[in-house]
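I keep these entries as a record of what I looked up in the structure, taking one topic at a time. The structure itself comes first.

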Amino acid sequence: MEMLLQALASLMTFESVITVLVGVSAGLLIGSMPGLTATMALAVLLPFTFSMEALQGLIALGAVYMGSIYGGAFTAILINTPGTPSSIATTFDGYPMARQGKAFEALTAATLASVVGGLVGVAFLLILAPPLARLAVAFGPAEMFWVAMLGLTLVASLSSGSLLKGMLGGCIGMLLSTIGVSPVGGETRFTFGFPPLQGGIELIVALIGLFVIPELLTMAAEGKGALPREGDFGKREASIRQVARTVFGKPVNLVRSCLIGQIIAIIPGAGGNVTSLVAYNEARRFSKDPESFGKGNVEGIVASESSNNVMVAGSMIPLLTLGIPGAPPDAIILGVLLLHGLRPGLDLFTETGVLTNGFILSMGLAALMLLPVGLLGARLIHRIVIRTPYYFMVPCIAMVTILGTFSLRNSLLDVAIMLTLGCAGYFLRLIGIYAAPIVLGLILGGIAEQGYVQTMLAAVTDPFPWLRLLSNTLSKVLAAMVLLGVATALVPIWLQRSGRLDKASPDKRGEP
Amino acid sequence: MILKLNTDIAAGCFGLLFCALLWFPQSDLGRLSIIFPRAILVITTLIAIALLIKGLFFSPEERQVEITGSPRRLLVVMAGFFIWWLLIDILGFAVTSFIAIYLLCWYLARVQGPVSTGQLLRWLPIISVIVGSFYLTFRHLLNVRLPAGLLF
């Protein structure tokens with residue numbers, strides 16, 4: 001407690017507050033650019049922290065991390081383009097709301113949910129770090145396989161109209177994830193004798209291609225912008241207080257999403273993209289009005305944004321206690337810790353407890369800072385999107401996507417893959433195969449494969465190797481959750497088809 | 001533009017073609033490398049066949065897909081993106097992007113009426129500033145080695 005108070009005192013200086021403010025603003029700016037991820041934001045700003053003291057450097061990077069994850073929501077809502085992978089699920093309802101002239105409501109809900117998510121994540125990190133870290137260690141290959149399968153049940157709710165087409169999309173995504181070097185066997189697969197493909201298809205490349213390019217092509221073909229010019233910010237219809245009432249009026253969704261975010265965040269490798277998708281799926285599943293999801297339901301935004309911001313602090317639990325990065329940006333934080341001679345583990349909470357607690361509390365301050373910075377930024381970015389003519393918008397966004405894609409690995413091949421996937425994505429959308437299940441398959445394919453193959457490898461002498469997937473209580477619980485997930489996704493469809501569900505109506509929503 | 005197309009059959013055919021593309025290059029791979037992709041390939045094939053059966057025998061009415069807006073503009077912009085990509089390596093990122101943005105702006109702006117010379121002249125500094133600022137930020141601040149090509 002004494003350490004916590006000392007840490008709070010060290011944080012309440014003018015220098016620290018300014019560092020957080022600048023960090024959040026810089027993160028928001030980078031995160032809102034398609035292709036520039038939170039990892040990249042941290043990597044880019046890392047050299048600026050070398051000359052700072054350990055605490056200031058960590059405060060700056062924590063604030064950048066928080067700001068960039070939140071920044072992804074801006075473009076997700078305004079131009080249907082997730083700024084970072086963790087805001088994929090925000091596009092599903094955010095963009096339809098923006099098109100309906102409710103951009104302000106959507107952005108404010110995203111801001112409030114992000115602030116709550118960020119604060120909850122920090123609280124979890126402060127209170128529950130040691131016991132939750134112990135739980136993370138229990139996740140072996142079999143458990144990771146079931147976690148991936150649990151995520152894949154989401155395909156059912158992302159399938160617009162046809163479950164089969166959604167499943168086909170998910171499988172295509174998983175197959176795309178197998179291109180390149182095998183994670184366990186080490187052999188090169190499906191490169192067609194083309195060595196540059198050995199690195200596989202980068203998630204961000206596919207993400208930009210499948211989400212951004214079809215949108216640009218649609219804007220170009222229709223000859224109008226992403227948002228209607230006459231569509232205003234929506235502030236007249238809803239004030240901040242009204243949006244807050246909407247967000248906090250359904251606390252169950254918020255609490256559930258935060259819990260999902262926290263649980264997934266402590267599993268190394270799962271990352272914010274998975275947390276937001278799973279939280280979105282659960283929000284839809286438990287909603288009294290699941291049909292409205294994908295058409296502009298604010299609950300979808302709240303679920304996605306609260307869970308991915310919980311992940312920011314949540315993923316620090318395995319990092320600070322075990323030295324295992326919970327998400328890719330955490331690896332950079334780990335680098336800074338090591339740079340200053342700080343080793344993850346118990347010492348971090350005892351010998352350098354003031355510094356560690358100061359860093360954790362600074363993330364809470366960064367979460368609070370999202371409120372003023374986000375609400376001011378929302379107006380500015382919305383104005384830019386609305387006032388820029390579509391004929392400027394299309395080529396300029398294309399340039400940013402090309403730049404973002406290229407800068408990931410300095411590869412023009414990545415740009416070609418992005419454009420090819422984007423053009424294919426446009427035509428696939430026409431025949432009912434949407435981007436979201438493909439991206440989901442791409443994210444979870446690698447996790448599922450690694451878990452499955454490692455389990456099979458460990459069970460090579462067993463008479464029934466696949467039984468190893470259900471060898472302990474945790475994996476059995478996860479498998480049961482997968483079955484439950486599949487059942488809850490399929491039962492409504494069956495009820496609808498058999499005519500037992502009165503309110504059922506054909507799902508005609510567009511891109512989820 | 002409205003195309004008469006059974007989307008189930010189209011999706012099924014696409015699924016089968018995609019599986020065929022990945023089915024043949026897997027013969028030389030070891031068990032650990034192929035066990036997972038093969039399982040997914042089999043599942044994908046089954047789903048594609050199910051879609052074909054559904055499309056052929058269970059589709060209730062004639063299906064159609066709608067390409068909103070101008071298909072010609074769609075194809076021109078699509079081709080424009082690929083030409084942009086091709087020229088980056090030859091002319092350099094900054095020059096290619098300036099030309100590509102300028103031409104795309106002119107082509108897309110014509111939808112709203114003829115583009116005057118004054119407009120074209122006004123765009124020159126705007127596009128130069130946009131491309132220049134992104135180029136300088138990425139090249140010098142973020143240290144991304146953008147393709148230089150013949151020019152820059």
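Entry 1, a loop of chain A. I began with A:Phe192, which sits in the loop between β2 and α10 of chain A; helices here are DSSP runs of H or I with at least four residues, strands are runs of E with at least two, and both are numbered from the N terminus. Before going further I noted that this is a predicted model, in which local features need pLDDT of at least 70 and side-chain atom pairs count only at pLDDT 80 or more, while totals for chains, interfaces and linings use all residues. Residues are numbered from 1 along each chain as its sequence is written, and chains are lettered from A and ligands numbered from 1 in the order in which they are written.

Phi of A:Phe192 is near 55°, a positive value in a residue other than glycine. I then asked whether A:Phe192 is buried or exposed. A:Phe192 is exposed, with 10 other C-beta atoms within 10 Å; by the rule I used, a residue is buried with 20 or more other C-beta atoms within 10 Å of its own, exposed with 12 or fewer and partly exposed in between, the C-beta atoms being placed from the backbone. A:Phe190 is found in the loop between β2 (188–189) and α10 (203–222) of chain A, and its phi is also positive, near 50°. A:Phe190 is partly exposed, with 18 other C-beta atoms within 10 Å.

Entry 2, chain A as a whole. I looked up the secondary structure of chain A, which comes to 22 helices and two strands. Of its 512 residues, 61% count as buried. I also noted that, among the contacts in chain A with a separation of 6 or more, 78% join residues 24 or more positions apart, a contact being a pair whose C-beta atoms, placed from the backbone, lie within 7 Å.

Entry 3, helix pairs in chain A. For α7 (residues 141–152) and α21 (residues 435–458) of chain A, I found axes that come within 7 Å and cross at roughly 155°; axes are lines fitted to C-alpha atoms, for helices over the stretch in contact, and angles run from 0 to 180 degrees between N-to-C directions. α7(A) and α21(A) are therefore roughly antiparallel to each other, a label given to angles over 145 degrees. Their crossing is left-handed, meaning that the near helix is turned anticlockwise from the far one by less than a right angle, whereas clockwise would make it right-handed. Among the residues that make the contact are A:Met144, A:Phe145 and A:Ala148 of α7(A) and A:Leu444, A:Ile447 and A:Tyr452 of α21(A). By class, this contact has 13 nonpolar, five polar and no charged residues, where Ala, Val, Leu, Ile, Met, Phe, Trp, Tyr, Cys and Pro count as nonpolar, Asp, Glu, Lys and Arg as charged, and the others, Gly among them, as polar.

I then turned to α2 (residues 14–31) and α4 (residues 54–79) of chain A, whose axes come within 6 Å and cross at roughly 35°. α2(A) passes α4(A) in a right-handed crossing, and the residues of their contact divide into 14 nonpolar, eleven polar and one charged.

Entry 4, the contact between the chains. How many residues does each chain give to the contact? Chain B gives 53 residues and chain A gives 48. On the side of chain B, α2(B) gives the most, with 14 residues, and by class that side has 40 nonpolar, nine polar and four charged residues.

Entry 5, the start of chain B. I found that α1(B) and α2(B) pack at an angle of about 155°, with their axes 7 Å apart, and are therefore roughly antiparallel to each other. The buried residues of α1(B), including B:Phe14, B:Cys19 and B:Leu22, pack against α9 (163–177) of chain A together with α2 and β2 (64–66) of chain B. As for α9(A), 14 of its 15 residues are buried, so α9(A) is largely enclosed by the rest of the structure.

Last, I looked up B:Gly30, in the loop between α1 and α2 of chain B. B:Gly30 is exposed, with 12 other C-beta atoms within 10 Å, and, leaving aside its neighbours within four places in sequence, is in contact with A:Gly185 and A:Glu187.

Technical notes: Two residues are in contact if their C-beta atoms, placed from the backbone, lie within 7 Å. Angles under 35 degrees count as roughly parallel, over 145 as roughly antiparallel, 65 to 115 as roughly perpendicular and the rest as oblique.
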